[in-house]
Amino acid sequence: MKKQLTLTLLIILVSAFTVFSQDKKDGDAKKSMAYKANPEDVKSIDSILKATYDVISGGVGVKRNWNRFRSLFHPSARLTPTGRNPQTGEFGARPLTPQDYVDRSGKFLVANGFTEKEIGRSVDRFGNIAQVFSSYEGTFMQNGKPATIR
């Protein structure tokens with residue numbers, strides 16, 4: 001029993017070391033660390049979400065401050081939009097790094113304008129860790145007319 005407990009603890013410690021050391025090797029982590037956050041943007045969950053929605057929102061032709069956006073996330077953060085695939089009808093999730101989001105959505109947001117407004121939030125906390133689910137309503141231009149998504 002003592003050998004099994006020691007082996008289990010060793011595996012946990014090696015696993016933890018591996019997980020923490022991966023952050024230093026990750027390319028996205030290095031990119032995120034290069035952007036220093038404004039202390040006002042990251043002083044609370046409310047301020048982080050306000051800053052995130054603020055960066056994403058803007059009219060047609062308005063460039064976004066992607067450096068500010070990147071500064072709001074931990075180096076290994078993931079954004080996971082969910083929804084229904086219009087071609088297959090299946091529901092799914094798409095984990096993205098903050099940079100993936102910029103690459104996939106940046107041009108669309110500028111070309112079509114896009115404004116997000118939070119309409120719901122759920123926060124689960126354990127000690128100094130929080131998991132936040134935030135839902136929004138988005139407005140953008142589609143074929144010259146305003147369109148809304150949720």
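How much space lies in the second largest pocket? I looked this up first and found about 240 Å³, where a pocket is, on a 1 Å grid over the protein atoms alone, an open set of points where a 1.4 Å probe fits, with protein on both sides within 12 Å along at least five of seven lines. I took the volume as the space filled by probe spheres set on the points, with grid points joined across faces, edges and corners. Its lining, meaning residues with an atom within 4 Å of a point, consists of Ile 48, Leu 72, Phe 73, His 74, Ser 76, Ala 77 and Arg 78.

Before going on, I noted that this is a predicted model, in which local features need pLDDT of at least 70 and side-chain atom pairs count only at pLDDT 80 or more, while totals for chains, interfaces and linings use all residues. I also noted that residues are numbered from 1 along each chain as its sequence is written, and that side-chain values use heavy atoms, with hydrogens and water left out.

Next I checked confidence, for which pLDDT is the predictor's own score for each residue, from 0 to 100. The chain averages 81, and 77% of the residues score at least 70. Among the elements, helix α1 (residues 2-25) has the lowest mean, 38, and helix α4 (residues 66-71) the highest, 96. Over residues 1-25 the pLDDT is below 50, and beyond near neighbours in sequence this stretch has five contacts in the model, a contact being heavy atoms within 4.5 Å.

I then turned to the sheet, reading helices (H or I, at least four residues) and strands (E, at least two) as DSSP runs numbered from the N terminus. Three strands form an open antiparallel sheet in the order β3-β4-β5, with pairing taken to need at least two DSSP bridges between two strands. Because β3 (114-126) and β5 (145-149) stand at the edges with a single partner strand each, one side of each is left without a neighbour in the sheet. Twelve bridges join β3 to β4 (residues 129-142), and I found Glu 116 opposite Gly 138 in β4. Helix α3 (residues 45-56) lies across β3 and β4, running at about 155° to β3; axes are lines fitted to C-alpha atoms, for helices over the stretch in contact, and angles run from 0 to 180 degrees between N-to-C directions.

Last, I looked at the largest pocket, with a volume of about 1,800 Å³. Of its 41 lining residues, Leu 79, Thr 80, Pro 81, Ser 134 and Tyr 136 lie nearest its centre, and β4 gives the most to the lining, with nine residues.
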